[in-house]
Amino acid sequence: MYTQALDSHGKEPVPAPTEPAAAHFQARIDADEKIEPKDWMPDAYRHTLVRQISQHAHSEIVGMLPEGNWITRAPSLRRKAVLIAKVQDEGGHGMYLYGAAETLGVERAELIEQLLAGTAKYSSIFNYPTLTWADVGAIGWLVDGAAIMNQIPICRCSYGPYARAMVRICKEESFHQRQGFEIMLTLARGSAAQQAMAQDALDRWWWPSLMMFGPSDADSKHTAQSMRWKIKRFSNDELRQKFVDITVPQAQFLGLTIPDPALRWNEGAQHFETGPIDWREFQAVLQGNGPCNRERLAARRAAHEAGQWVREAAAAHADKARRRAA
Ligand code: FAQ
């Protein structure tokens with residue numbers, strides 16, 4: 001769908017990559033115009049988008065693994081059908097996002113190669129294990145909840161293909177969040193053992209969910225420029241705070257306790273204040289030393305190898321169809 005846009009010219013005349021071109025580009029951004037694949041853009045803008053969109057795509061694909069772990073053990077046929085649909089949605093999100101990245105002139109195969117080689121980042125959150133069924137609820141509630149908080153503003157991102165991909169993705173993520181909350185609600189209203197399982201899942205997923213938003217603003221190297229380019233509309237800390245403010249009352253409604261003894265409501269600021277985030281844990285996960293980093297990459301590599309014959313068959317079929325048409 002996106003590659004078709006490469007065949008049509010952008011509505012703006014394409015200026016040469018000079019300083020006036022950069023000023024013209026920033027003026028378009030400031031006027032809230034969308035940048036399309038054929039439009040002139042600074043190399044650094046293109047590079048930032050490829051970086052962020054490909055990391056996002058990899059996150060969706062690796063993100064299928066923790067919940068995929070529970071498809072065969074979902075507690076009812078209904079739960080199994082819903083979970084299969086959700087995990088498939090995440091795969092679809094990865095495909096839209098690789099498509100959006102391709103409009104910037106990179107090959108999907110190259111991006112996937114980087115993931116499999118371990119040189120590309122994907123979201124830290126997917127390096128944690130799913131030990132019980134309640135983790136599936138916690139992922140929907142917290143991880144999809146955090147993902148929506150971060151991604152709704154990307155629907156207004158300055159780069160057209162990324163912004164448009166996010167519209168559908170956010171609709172689906174919103175359904176995912178509600179199915180997760182509904183699992184948590186069922187457990188929270190269940191037996192003492194089910195309540196304990198829900199609390200244990202919250203205990204393990206709370207802090208990693210806060211880390212999903214990225215380093216604190218003071219340590220975020222890309223935020224300032226990405227906000228000038230309107231790739232990001234809010235800083236990491238702003239989105240993290242919004243997430244905390246929305247999620248704490250939901251935990252209270254569930255009768256669960258947020259695992260943060262320092263958590264308190266600040267009446268003056270009208271915000272919940274949290275205790276400090278353990279950024280050493282975040283950095284360890286980013287460096288490949290989270291509980292499941294190796295397992296996740298091994299699973300992706302095995303899936304890629306097992307799918308080799310499918311890619312070859314699809315290419316052979318396309319080739320045959322082309323020759324027949326000729
Ligand atoms: N994990 O300067 P910043 C989902 C990296 S999708 C790993 O703040 P930026 C759906 C960052 O890349 C979840 N790395 O960077 C789902 C950069 O590294 P680099 C993914 C992280 O880009 C739900 C460095 O740290 N969502 O959950 C993380 O301005 C359920 C410095 O950071 C997106 O990708 C992290 N958490 O802001 C699927 C949304 N945070 O490239 C299945 C789009 C930061 O210099 C089940 N992305 N880093 O080597 C974004 O909004 C941004 O890229 C941020 C980071 C906010 C993630």
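**Reading the ligand site**

Modeller: In this predicted model, a polar side-chain atom of Arg-51 lies 3.0 Å from an oxygen atom of the ligand.

Biologist: Which side chains other than Arg-51 place a polar atom by a ligand oxygen, and at what distance?

Modeller: A polar contact is a pair of N or O atoms within 3.5 Å. For Gln-55 the distance from a polar side-chain atom to an oxygen atom of the ligand is 2.7 Å. For Ser-220, an N or O atom of the side chain is 2.8 Å from a ligand oxygen. As for burial, the ligand on its own has 1100 Å² of accessible area, and the protein covers 92% of that.

Biologist: Which residues come nearest to the ligand, and how do the residues around the ligand divide by class?

Modeller: The ligand has 35 residues around it, and Gln-55, Lys-121, Ser-220, His-222 and Lys-232 come nearest. By class the shell has 12 nonpolar, 13 polar and 10 charged residues. Helix 2 gives the largest share, six residues.

Biologist: Which pocket does the ligand take up, and what is the volume of that pocket?

Modeller: The ligand takes up the space of the largest pocket. Its volume is about 1100 Å³. The lining consists of 46 residues, and those nearest the pocket centre are Gln-55, Ser-123, Met-212, Phe-213 and Gly-214.

Biologist: Which helix gives the largest share of the pocket lining?

Modeller: Helix 6, with seven residues. The elements that give two or more residues to the lining include helix 9 (223-228) and helix 10 (236-254). By class, the lining divides into 18 nonpolar, 16 polar and 12 charged residues.

Note on methods. Residues are numbered from 1 along each chain as its sequence is written. This is a predicted model: local features need pLDDT of at least 70, side-chain atom pairs count only at pLDDT 80 or more; totals for chains, interfaces and linings use all residues. Side-chain values use heavy atoms; hydrogens and water are left out. A residue is near a molecule or strand if one of its heavy atoms lies within 4 Å of it. A polar contact is a pair of N or O atoms within 3.5 Å; within protein, one must be able to donate a hydrogen and the other to accept it, and residues adjacent in sequence count only if both atoms are side-chain atoms. Accessible areas come from the Shrake-Rupley method with a 1.4 Å probe; for residues, only the protein chains shown count as cover. On a 1 Å grid over the protein atoms alone, a cavity is a set of points where a 1.4 Å probe fits but cannot get out, and a pocket is an open set with protein on both sides within 12 Å along at least five of seven lines; lining residues have an atom within 4 Å of a point. A molecule sits in a cavity or pocket if more than half of its atoms lie within 2 Å of its grid points. Helices (H or I, at least four residues) and strands (E, at least two) are DSSP runs, numbered from the N terminus. Ala, Val, Leu, Ile, Met, Phe, Trp, Tyr, Cys and Pro count as nonpolar, Asp, Glu, Lys and Arg as charged, and the others, Gly among them, as polar. Grid points are joined across faces, edges and corners, and a volume is the space filled by probe spheres set on the points.
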